[in-house]
Each structure stands twice: as structure tokens, then as C-alpha cells.
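Here is a friendly walk through one chain, from a helix to its packing and its cysteines. Have the structure open as you read.

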Amino acid sequence: MASVDGIGAAVIGSGFIGTVHVEALRRLGVTVHGILGASADRADAAARRLGVPKAYPDLDALLADPAVDVVHVTSPNRLHFPQVRAIIAAGRHVVCEKPLAVTSEESAELVALAAHTDRICAVNYNIRFYPLNQHLHGEVAAGTLGDIRLLSGRYFQDWLFEDTDWNWRLDPAEGGTLRAFGDIGTHWVDLVSFITGSRVAAVMAELVTAIPTRQQPAGPVETFSTERSTDTIARQMSTDDIALLLLRFENGARGSVAISQVSAGRKNSLQYEIDGSRGSAAWDSETPDHLWLGHRDRPNEILQRGPALMNALGSAAASLPGGHVEGFGDTFHALFRAIYQAVAAGRMPDRPTFATFEDGHHEMLLGDAVLVSAREGRWVDVASVSAPIVEGALA
Ligand code: SOE
């Protein structure tokens, strides 16, 4: 790949995901010059813990640092839009965590800004970068599964299972109106859309707030943290713990997916099955080095990830020899490798394998369609949704 030598980065956000970004950048050979956190104390502590030279006092200071070429945005969702806008205006490349924004009006504006800059603008849908998902994307394009008929699956977690579980994502002002769908459902949809090369055209959705009242602790709580406070206030919940979707894809395929952040025992379990006219494929994020290939007239197969056994896309995303399982952190390394290749080349690839701002915006429009569908109990075409969606939409 083109050299990343001399390309400098900064990371906004010092929590669980910000840390994963810093570690993956280091592994790629990119220098992380500084961190911007929710507060000066938290940023200082993260910079010390991660051995990053600076904690910036604010975004202006970060953008004034001439060593920074690429800014990674891992702050709470509410901040993505203003921060990404400022980063593009300052002429920097940007890698934004999903969701791209909290409303489709914001993400539409970011798409327009991205179209008018030569900077690389990417959204961090990392699950695409498990090597077997890249491989399957190539196989579907080559026709190995035939015409795609059905996509099904789930994305379940349990870290918000108790009413004492808390995180900024539960607050619509911080995370957006949709929570389980926005936080993890869009990963599933982005992934299967990427693999099959076809976006969702229409949706029929049911959204469930399974825990109507939660106990919010006085201080901030990190994602997946198991620390519990006794100093709490009761908060009424309006965001979705569970989302159930029926889907129609642009290529005519049909789909169904269940999303939940309250499924005891399921830590971070994304599963899909893709059924085509020539064969099927299924994958589970908790056993990511195995791809099930289903056949009608011969025994089914398990493809174990191995650089020599995958197509060029799969091999390009792999780092380790077969049998040395690649996991969550490795996907960030593989994704950043693709993004920084584009940064080094100075242009977006013709057909990026990473998610673009347009991909991120499509997920926002789909979110709007999900809200309208759940509220009105009907199928909604994604193309038909443009009205602003306001709080309390699940009521
Ligand atoms: C929390 O639900 C979370 O960190 C998501 O925000 C990530 O996107 C997912 O990859 C893991 O879970």
C-alpha cells in the first residue's frame, strides 16, 4: 500500500471506541498527535494512559495543529455534525463514527460538504472489514450466490439489560431519537447492503422501549462499563431497546432483522444469512473467522479465514495467517488501512470498500423511515421520507 509515513492524526473522544481508534492507528504506523475529550481532565487522563503527547483544550486548538491531517470523530452522536463540519472547513480528512449525525438534515449537509472537498470523508462502519465480509462482498459481485432473495439476521447485545444500565446513548439529546437501531441496527443494514451491493428501499418497523424507566447516575458512564452508582435519578425512556424490521431491498431481495440491546447473554452478537438462487452464506460476529456456505446438492462448507483461501478483497483486509483469529480491533486496522491508502493517494477510490458519507446519510434516511413506519404502522419507502423527525416519535 502507499506509505502512511508522515500522515498525522488526532482523535476526538477518549472512551471505549476512541481508545480502539488510537490503538489501530498506531498499529498502522500513523502518529496520533493528540486527543480531544469531553473534559480537559478526561482528555489528559486518556492521553497519559495511551501515551499520546497532547490533550487539546478544544476543537479549535486541535484544528490549529499543523501536524494533524486526519481527524477521527468518536464523540457522542450529537457532536458529530458540528465537529465534522468544522473539520472539513479546516481542510482535514475525517473519519466519523456511526451514526454520521443525529438527523438526516445534518447528514445531508455533510454529504454536500464532502462532495465539495477533495478530502477523504469516511464513516466508521467497521464490521465490513472482517476479512470474510469483504470476501463475501466480492463473491456476491461475482455471482457465486446467484440472485439474492432473502437476507435475515439479528444484532443483539445485553449491556443495557438492567434498568440501572446507563450511557449517553440512552439520552435522545445526546444519541438521537433512535437508539438500538441507530447504534447497532445500522451496522447490520450497512453490512448486508455492502455485501450484496443493494440498499434498503422500504421498511416496516416495530420499535419497543422494553425498560420505560431507567436510573441515571450523577456522573458519566463509559460504554459497556460495569461500574454502578447509588446516586441516581429516574429517567423516562423514549428510545428503542428493541427494533424489529421487515425490509425490501433495491435489488428486489426481502429481509428481516431483529435488533436488541436487552438480550441477556448476547454480548455483541451480529448474525446474518444471505440466501441466493445458487447458494447461501451465513456469518456470526462472535465467531468471525468462519463463514458458512450453504448448498442444496452437495455438503455445506465452512470457509475458515485464511489469506490464501479468500478472494483479493478478503486477503487485502486480513493481517494474520489462518487460524490466528482476527477480531473487533483488527477490523479498525483493516478499515483504516483502506482509508489511509486513499488519504495517501489524495483521492477517494472509484468504488470505496469503506462507508462514505452517502452511505452514512442513507442510514439516517432509513432511520427516518423506521420512525414513520413504527409510528404509523405501515410500510415506508426510504425515498419518500424527507420530513424532519422530532423527539417523542416513539410515543
Ligand atoms: C455500543 O452499542 C457499541 O459500542 C456500538 O456503538 C458499536 O458501534 C458496536 O460496534 C459495539 O457496540
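Just after helix 11 comes Gly377, a residue with a positive phi, near 65°. This is a predicted model, and helix 11 makes a good place to begin. Running over residues 357-376, helix 11 spans 29 Å between its first and last C-alpha, close to the 28 Å expected for its 20 residues. Helix 11 is also mostly covered, with 15 of its 20 residues buried.

Now for the packing. The largest nonpolar core holds 48 residues, and those touching the most other members are Leu136, Trp188, Tyr272, Trp283, Leu291 and Val370. Helix 8 (residues 180-196) gives this core its largest share, nine residues. Trp188 is worth a closer look: leaving aside residues up to four places away in sequence, its contacts include Leu151, Arg154, Leu247, Val257, Leu270 and Tyr272. There is also a second, separate core of 33 residues, with Ile120, Ala122, Ala338 and Ile339 among them.

How many disulfides does the model have? The count is zero, taking a disulfide as a pair of cysteine sulfur atoms within 2.5 Å. Two cysteines illustrate this:

| Cysteine | In a disulfide | Nearest cysteine sulfur | Distance |
|---|---|---|---|
| Cys96 | no | Cys121 | 9.9 Å |
| Cys121 | no | Cys96 | 9.9 Å |

Are these two cysteines, Cys96 and Cys121, buried or exposed? Cys96 counts as buried because its relative accessibility is 0%. Cys121 is buried as well, with a relative accessible area of 3%.

Technical notes
Residues are numbered from 1 along each chain as its sequence is written. This is a predicted model: local features need pLDDT of at least 70, side-chain atom pairs count only at pLDDT 80 or more; totals for chains, interfaces and linings use all residues. Side-chain values use heavy atoms; hydrogens and water are left out. Helices (H or I, at least four residues) and strands (E, at least two) are DSSP runs, numbered from the N terminus. The expected span of a helix is 1.5 Å times one less than its number of residues. Buried means under 20% relative accessible area, exposed over 50%, partly exposed in between (1.4 Å probe, protein chains only). A nonpolar core is a set of buried Ala, Val, Leu, Ile, Met, Phe, Trp, Tyr and Cys residues joined through side-chain atoms within 4.5 Å. Contact means heavy atoms within 4.5 Å.
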